[in-house]
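Reader: Please take me slowly through one part of this molecule, with enough of the surroundings that I can place it for myself. I would like a connected account rather than a list.

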Amino acid sequence: MCFEATMNLYIEFKCFVCVLLTSIFLLIVSDEGQTSSPKTFYTLAPMKAETWWKIYVNKSADYTDTKKTRETGAVTLNIEKTLNESVINLGAETVGCESDLNWQIVTKMSDEVVNGRIPPDKRSDENDREEETQVEKRRDKLKLGVTVTDSPELNLARRIVSILPPFTPSSSRRVTNEQCLRESQYYLQELDNFALWALKMHDSSAKLPSGVLNGNVNQYGDIDQCLSVRAPWLGGVIKGRYCLTTSVLSLSDPDHPVLRQVQQLLQSHSMLRSELDDPGHRVPRFSAIHWALCVPASCNASDVQLALADILQRHTEGTGITFRVRVTAEMCQTKDDRLHLPTSTLVVGAVFFMIAALAVVATACDPNWRSLEQTLSTGRKLMQAFSLRKNVLTLFSLSRSPDDIESVHGVRAVSALLLLLAHKSMALFFNPYMNRTVMAEDLGRSWTSFARGACIHTDPFIMISGLLTSYSFYKELEHKKRLAVPREYLSRLMRLVPNLVALILFCTFILPWIGTGPLWNQVVRHHSDICKTTWWRNLLFIHNYFGFETMCLTHTHHLGIDTQLFALSPFFVYIVWRWPQIGLSVLTGVAAISTALRYSVTYSKHLSHYVVFGSSIRQLFQTADFSYTLPAHRATVYVMGIALGVGLRYCGRDFRLKKMHLTLGWTAAMVCFYMSIISPAHMASRHYIYNTTEAANFAAFVPITWCLFTAWIIFVSYIGHGGLLGRILSWHGFLVTTRLSYALYLIQFPILFYMVGKNRATYTYNVLLLVDVPEMVIITVGSILLTLLFDLPFQNIRNILLKKPN
C-alpha cells in the first residue's frame, strides 16, 4: 500500500512538472507571452526545406539564441535551463502527460518555427481559432488513447518539398518587399500543410526535366494553373503570378573541354547567339534559357530576379558555371492583368464591326443594283464597292487582261511560299523542343540554304514591282507622251494604306486581347506597345529608317522600301524612254552604287545577310538596320525590274530567240541559280566559321544572280519560249494568289507570332513542323477576309474616284 501510494504521488508530481513545463513553453510561444522574439521565429523560415530538425532554445538568452541543425532521427526539443537540461522526445507514441506535452509542443513549435509560420503577433484571429480547434481535437484523441502520428498528406507534403524544393523570393536576403516575404512564408507553410492552392503554385513552376543535354532547357511550367491560384489570407487574397525568366549560362574557363561541350549541348550549339539585352520580340533569344516560376502576386519581377540569381549562384558556386538572370515586368503575368478591355480596344472593335456590317448591307443590296450599275449615283457606287458578292467574284476570277505578264503571277506565288517557310522557320525557333540540339544539328545541312538566305526571296518582289511599274509607265508614255505622276502616287497610297491601317489597328488594339501564353507579352503585347508610339512612321512609309528594334510591324519594312523606290520610278522610266542610252547608263550606275554599298557595309561592319551558325542576334539586327531595310541598298534589283519592263515593251511578244541564244540564256540562268542557292550552301554547316569576304560577296552579288535567274524565266515565258516551266508559272490559278499576295504578306507574321505566343507545350522537332496545316488555313482565311473587307473594296473606290480619262 505504501509502495502504491508512493508511485501515485510520483506520477502526480511528474504530471505536475509536465504541466508546468508545458505552461512555461506555451507562455513563451503564445501571443500573450512576448518573452520570445517573434523575429527569431520569422527568420527560421528556410528550415521548411528540411524534413526533420533539432531545435535548441537557450533560456538564459531569453529564448532568442535559436539555432538549427539537421538530424536524421526524431525531432528533439532541448530547453536549457540555468543549471540543468530537460530533454523531451517528440517522437513518443505513448499516451500520457508526456504525449500531451508532446502535442502542445508539436502544434506550437512545429507550426511556428519548423514549418516557418509567420510570427504569432502577425497571425489572424481566425487562424488562431482554427489552430485551437485542431489542438482540442488532437487532445481529445490523446485522452481516448488514440495513437498520435502525422497524417499521410503531411508526410507526403514533406517528401515533396524535400525532393522538389519550392522557389520563393524569401530565399534571398536581398529581397526587401515585405508583402512578398510574408506571402511567400505563408505559401511555404501551407505547402507543408498540403493545402491545394499551395500545391498548385508549386506544381506550376518548371522542374528540371530529362534531356537537358539534348536542348530540353526551356520549360514553360503551367501558366493557366498558376494564374488560377487564389487563397484567402489576412482578410485578403493570395494570387498566383507567372514569371518566365531568362538566363544566360557562361563558363569561367571557356576552354575547359567537358564544360564547353556541356554548354554547347545545353545551348543547342548556339545556332543563334543571344544576350540578355537582345530584343526578343521578332528574333528569338535562342541560346538563353527560359524557365517558368509561379510566385505570390505581391512579388514583382525584381524580387524574382534577385532570388533566382542568388539560388543559381549558391548552386553553381565552385562549378565553373555562372548564370546571368533577367526577369522583366512584361514577362510576369497575373490573371487580373486581363480583366478589363481598354476603351481603345472596344472602339477599334466597333470600327471593324461596322466595316463588316457595311459589307453585309452592300451584299444584300447588290442584286438590285447590278443591272443598274451604270446609272447609279457615286454614293451608291462607293457603297457597292464593299459588296462581298462582287469582291468574291473579282477575287476568284481567272480572266486576265491582254497586256498581262502571265508568268509574274507564278513567280510571285513561289517567292511568297518560300518566304512564308523562311518566316515560319524563324518562328519555330521560339518554341521549346525536347530535342532542340538535334534540331540545330539538322539545320546545319546544306538544304537549309533556302531558308538561311531568306533575304533573297524578297528581292523578286522588289524586282517585280519595278517591272510592273515601268511596264505600265512606258505604255502610258508611248501613248500620251507624259505621266500623271500625282495621280499615280495617290493611286498607290489608296492601294496600300487601307490594308496597312487595318493591320496596325488589329495588331495594336485587338490581337493582344485574344490570347495568352508564356511568350505572349514578349512577341505580341510588346509589339503592340511599340505600334502605339511609332505607327505614324508606317503610314508615312519611313519606318524602315528607324531600326528593327523599335519598328511597328517589322515585316512591313518592304512597303517602305518599295514606296520610296516607286517615288523615283517616274524619273527612271522617263529618262530611259526619252534618252534610252543615257537612261540605261543611269540605271547601271544606280545598280553599281547600290551593290558597292551592300558590299562595303557588310564587310566593314561584319554583317551577314546569310544566317550562319553562331550568328548573334545583334548581328542580325545590325544587318537589317544598316543594309537590308535601306532602299539605297535594295535599289539594284529594283532598277533591274525597270530595265526588264522596258525590255518587254521594246521587244514585244513576237520577239524570237535563236536556239543558240536560248541555250546560252538557260545556261547562264542555271549558273545564276547555282551561285545563288548551291554555292552558299556550305555556309549552312554547323562547323562553318564566319568569313567577312564571303558574307560581303553574298550580300552584294547573290541578289543580282537570283533576280537574273528570275528575270530570264519571266522574259522567255513572255515571248513564248518558257517551255514547261513557263506554262506552269503562267497557270491561271496564280491570278488568285496574286490578288491575295498583299494581304498574305501583311497577315502572316501576326498569325505566326500569335501561334508562338499562345503555345504552352514542348514539342519534338521534325521538319514537318514547317508545314502546319491549321496555321496555313488560318493564314489563308485571314488573307481572304482582309482582301474582301479592305483590299478589294478600296481598290474599287480608287477606280471610282481616280478613273482614268479616255
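Author: The bend at a residue is the angle between two axes, one fitted to the seven residues that end there and the other to the seven that start there. In this predicted model, that angle is about 45° at T787, where helix 28 bends. The 29 residues of helix 28, residues 773-801, should span 42 Å at 1.5 Å a residue, and because the end C-alpha atoms lie 40 Å apart, the expected and actual spans agree.

Before the part I have chosen, a word on the whole. The protein chain holds 28 helices and 11 strands, and of its 806 residues 52% are buried. When contacts between residues at least 6 apart in sequence are considered, 76% of them join residues at least 24 apart. About 37500 Å² of the protein chain is accessible surface, with 62% of that belonging to carbon and sulfur atoms.

The part to look at closely is strand 6, together with its partners. Strand 6 runs over residues 236-251, and 12 of its 16 residues are buried, so that, by the under 20% cut-off for relative accessible area, the strand is mostly covered. Just before it in sequence comes strand 5, residues 230-233, whose covered face carries A231 and W233 while its uncovered face carries R230 and P232. Strand 5 and strand 6 run antiparallel and are joined by 4 bridges; within that pairing R230 stands opposite K239, and A231 has I238 as its bridge partner. The hairpin that these two strands form has 2 residues between the strands, and L234 takes a positive phi there, near 55°.

Strand 6 also pairs with strands further along the chain. With strand 8, residues 289-296, it shares 8 bridges in the antiparallel sense, and here Y242 stands opposite C294. Strand 10, residues 332-333, is likewise antiparallel to strand 6, over 2 bridges, with C243 opposite C332. Strand 9, residues 321-326, adds 6 bridges, again antiparallel, and in that pairing V248 has R324 as its bridge partner.

Y242 deserves a second look. Setting aside residues up to four places away in sequence, it touches Y220, D222, I223, C226, L227, A292, L293, M331, C332, Q333 and P518. Y242 is also one of the residues with the most contacts inside the largest nonpolar core, a group it shares with F167, W197, L553 and L559. That core has 80 residues, and its largest share, 10 residues, is supplied by helix 27, residues 734-758. A second, separate core has 58 residues, among them L565, V576, A669 and I714.

Helix 27 offers a residue to compare with one in a loop. T738 lies in helix 27 and, at 12% relative accessibility, counts as buried, because the limit for that class is under 20%. Apart from neighbours within four places in sequence, T738 is in contact with H409 and R412. R445, on the other hand, sits in the loop between helix 15, residues 436-442, and helix 16, residues 449-452. Its relative accessible area of 47% is neither under 20% nor over 50%, and R445 is therefore partly exposed. From R445 to H682 the C-alpha atoms are 8.5 Å apart in space, although the two residues are separated by 237 places in sequence.

A further covered element is helix 6, residues 178-192. At 1.5 Å a residue, its 15 residues should span 21 Å, and its end C-alpha atoms are 21 Å apart, so the two figures agree. Because 12 of those 15 residues are buried, helix 6 is largely enclosed by the rest of the structure; the buried residues include C180, L181, Y186, Y187, L188 and L191, but also E183, Q185, Q189, E190 and D192.

To return to the chosen part, strand 6 is a mostly covered strand that pairs in the antiparallel sense with strand 5, strand 8, strand 9 and strand 10.

How values were computed. Residues numbered from 1 in each chain as written. Predicted model: local features only at pLDDT ≥ 70, side-chain atom pairs only at ≥ 80, totals over all residues. Heavy atoms only, no water. Core = buried A, V, L, I, M, F, W, Y, C linked by side-chain atoms within 4.5 Å. Buried < 20%, exposed > 50% of the residue type's maximum accessible area, 1.4 Å probe, protein only. Contact = heavy atoms within 4.5 Å. Expected span 1.5 Å × (residues − 1). Areas by Shrake-Rupley, 256 points an atom, 1.4 Å probe, with all protein chains shown as cover. Pairing = 2+ DSSP bridges.
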